[in-house]
Amino acid sequence: MPPTPSNDGQGPDWAGTSKRLRKLPLDGYTADRCIARANGLIPPGSHLNHPTTYPGLIMLTIKGPSSRYCDGRNRRSFLKIGGLSFGMGGFSLADLYRAEASSPSPRSHKSVINIFLAGGPPHQDMWDIKTEAPSEVRGEFQPINTNVPGIQICEVFPKLAALMDKSAVIRSVVGCRGGHDGMQCFTGWEGNSLKNLGGRPSIGAAAARLFGPVDPSVPPFVGLAAPTRHVPWSDSGQAGFLGSAYSPFKPDGPGMQNMTLKGISFDRLQDRRQLLNELDTMRRDIDISGAMEGMDAFGQRALDVLTSSKLVDALDLSKEDPKIVARYGDGKPYNYQYDGAPTCNDQLLVARRLVEAGVRVVSLSYGRWDSHGQNFDLVRDHGGKLDQCLSALVHDLDERGMLDDVAIAVWGEFGRTPKINANAGRDHWTKVSCAWLAGGGLKTGQAIGATNRMGEEAVERPVDMQEVVATLYHTLGIDTHSTTIADPTGRPQFLVDSDPIAELIA
């Protein structure tokens, strides 16, 4: 039997009555014809003119200010929050929850924040400074001491240097296939693996499939990657052969418009809290109307997400302590962005708020590190901003007692060439790259692996990209040695072919 959602007592008080919403027109358990008829928002007795084809889709509409169009008519702009689609396939939350019904759903809450440095960060200008290399390789940066004796990192990361005991650097990541995308960082596999079946699922999709949500009103997998002109860099991790029901929830993704204001902004609402009040009222009145009885359990869980303030609150930084917001910074101005992602420092704060709310995996793309030119200026800009927000994230999680439960990974698709080119840049280099990890109960305060004097290849402890992904699975409580997920043909597939990094496992 599918799980039935219950009120855990943490939501709003649903006591009381209201006449603002009328009974929803239901057809069996199908909720896709449902639309809230709030007084003054949708006339009583009206019906949804263009019902969707996906069960469990519910729409809430909030009026915005009146405006005059060129045809002379006055019309109101509306805020519509509904559907909460996952992926480009158009699946609704109810579809996701139906798919999850066959999965075990333990209530443990371990999380991963996977930060993709799109474009390929220069390993020798970050965690592996080559002071003994010739000038055409060494570059401009000097190493600085960390709070762990014997470990040095680049001078642009002074805050992270002071947190070396709570983090680990991997200087010998190998197995990069050279794709200008985050596929290997999100799945551990190259893009062509099982492509005929839909591709390999990302960490977030696999976690959603294996565990389901921690909280019925919070999606287990959220993607914060901003849209980019080089489209693969806006990927937050695909569902692969698991299907669109396990794609990441994207609060502002293209085509999703899950939480998007249509025609109005929060600033134009006379009362900022009107949004949450309307959501709470909708849930309360639907319960009283008896309409919930006409939905199946999956449609009810979809409604839980739609009408819960938990997800909305997590995405709303105005609810955060201003001192914490200032600690992270905003990463502006966005320099060297070109066709890549901006340096949105506040996304790391949103990620912390999301995992605190119950999200299992958050992935995002930070900056544009494809430094064929102006490599050192770019690293000073991006690196300094990353130093601020990443150190703030570690401090924040630690102060909240969450650091052992939340693993952070920071890495890119490959490294950069040892030799500096004529444009003061570094080109693509797939032989070796780097990664930075923290939290998750890992054994931190260490540097793993080493490259040769020129930074050309790993000479000590090569660490395959799949080992990094396996380590992230381990922090979620998933044993990659024994865990499989059936592909569309019914054949069991291992999540990765490698074991976690032994040096990091406590």
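When two helices pack, axes are lines fitted to C-alpha atoms over the stretch in contact, and angles run from 0 to 180 degrees between N-to-C directions. With that in hand, a good place to start is one pair of helices in this predicted model. Helix α10, which covers residues 346–357, packs with helix α11, which covers residues 375–399. The angle between the two is about 20°, and their axes lie 9 Å apart. Angles under 35 degrees count as roughly parallel, and α10 and α11 are therefore roughly parallel to each other. The crossing of this pair is right-handed.

The residues that make up this contact can be named one by one. On the α10 side they are Leu348, Leu349 and Arg352. These meet Cys389, Leu390, Leu393, Asp396 and Leu397 on the α11 side. Sorted by character, the residues of the contact of α10 with α11 comprise 6 nonpolar and 2 charged residues, with no polar ones.

It helps to step back and look at the chain as a whole. The chain has 506 residues, and buried residues make up 57% of them. Its secondary structure comes to 12 helices and 18 strands. Among contacts between residues at least 6 apart in sequence, 73% join residues at least 24 apart. The area that the chain exposes is about 20300 Å², and carbon and sulfur atoms supply 48% of that area.

Two buried residues show what such contacts look like up close. The first to consider is Val362, found in strand β8, which spans residues 361–365. Buried means under 20% relative accessible area, so Val362, at 0%, counts as buried. The C-alpha atoms of Val362 and Ile113 are separated by 4.9 Å, although these two residues are 249 residues apart along the chain. Leaving out residues up to four places away in sequence, Val362 touches Val112, Ile113 and Asn114, together with Val222 and Leu224, and also Ala351, Leu354 and Val355.

The other is Trp369, placed in the loop between β8 and α11. Trp369 also has a relative accessible area of 0% and is buried. Its C-alpha atom is separated by 5.9 Å from that of Ala118, which is 251 residues away along the chain. Beyond its neighbours within four places in sequence, Trp369 is in contact with a list of residues that includes Leu117, Ala118, Gly119, Gly120, Pro121 and Pro122. Met126, Leu378, His382, Gly383, Leu386 and Arg416 are also in contact with Trp369.

The loop between β8 and α11 holds Gln374 as well. Phi of Gln374 is near 55°, a positive value in a residue other than glycine. Gln374 has a relative accessible area of 37% and is partly exposed. In helix α11 itself lies Asp377, partly exposed with a relative accessible area of 39%. The C-alpha atoms of Asp377 and Tyr336 are separated by 9.1 Å, with their positions 41 residues apart along the chain.

A few other loop residues deserve a look. Ala424 sits in the loop between β10 (415–416) and β11 (428–429). Ala424 has a positive phi of about 55° although it is not a glycine, and with a relative accessible area of 35% this alanine is partly exposed. Pro333 belongs to the loop between α9 (322–328) and α10. The peptide bond that joins Lys332 and Pro333 is cis, with an omega of about -5°.

Ala245, finally, lies in the loop between β7 (221–223) and α6 (274–289). At 7% relative accessibility, Ala245 counts as buried. The C-alpha atoms of Ala245 and Ala205 are separated by 8.9 Å, and the two residues are 40 residues apart along the chain.

How values were computed: Residues are numbered from 1 along each chain as its sequence is written. This is a predicted model: local features need pLDDT of at least 70, side-chain atom pairs count only at pLDDT 80 or more; totals for chains, interfaces and linings use all residues. Side-chain values use heavy atoms; hydrogens and water are left out. Helices (H or I, at least four residues) and strands (E, at least two) are DSSP runs, numbered from the N terminus. Buried means under 20% relative accessible area, exposed over 50%, partly exposed in between (1.4 Å probe, protein chains only). Contact means heavy atoms within 4.5 Å. Angles under 35 degrees count as roughly parallel, over 145 as roughly antiparallel, 65 to 115 as roughly perpendicular and the rest as oblique. A crossing is left-handed if the near helix is turned anticlockwise from the far one by less than a right angle, and right-handed if clockwise. Ala, Val, Leu, Ile, Met, Phe, Trp, Tyr, Cys and Pro count as nonpolar, Asp, Glu, Lys and Arg as charged, and the others, Gly among them, as polar. Accessible areas come from the Shrake-Rupley method with a 1.4 Å probe; for residues, only the protein chains shown count as cover.
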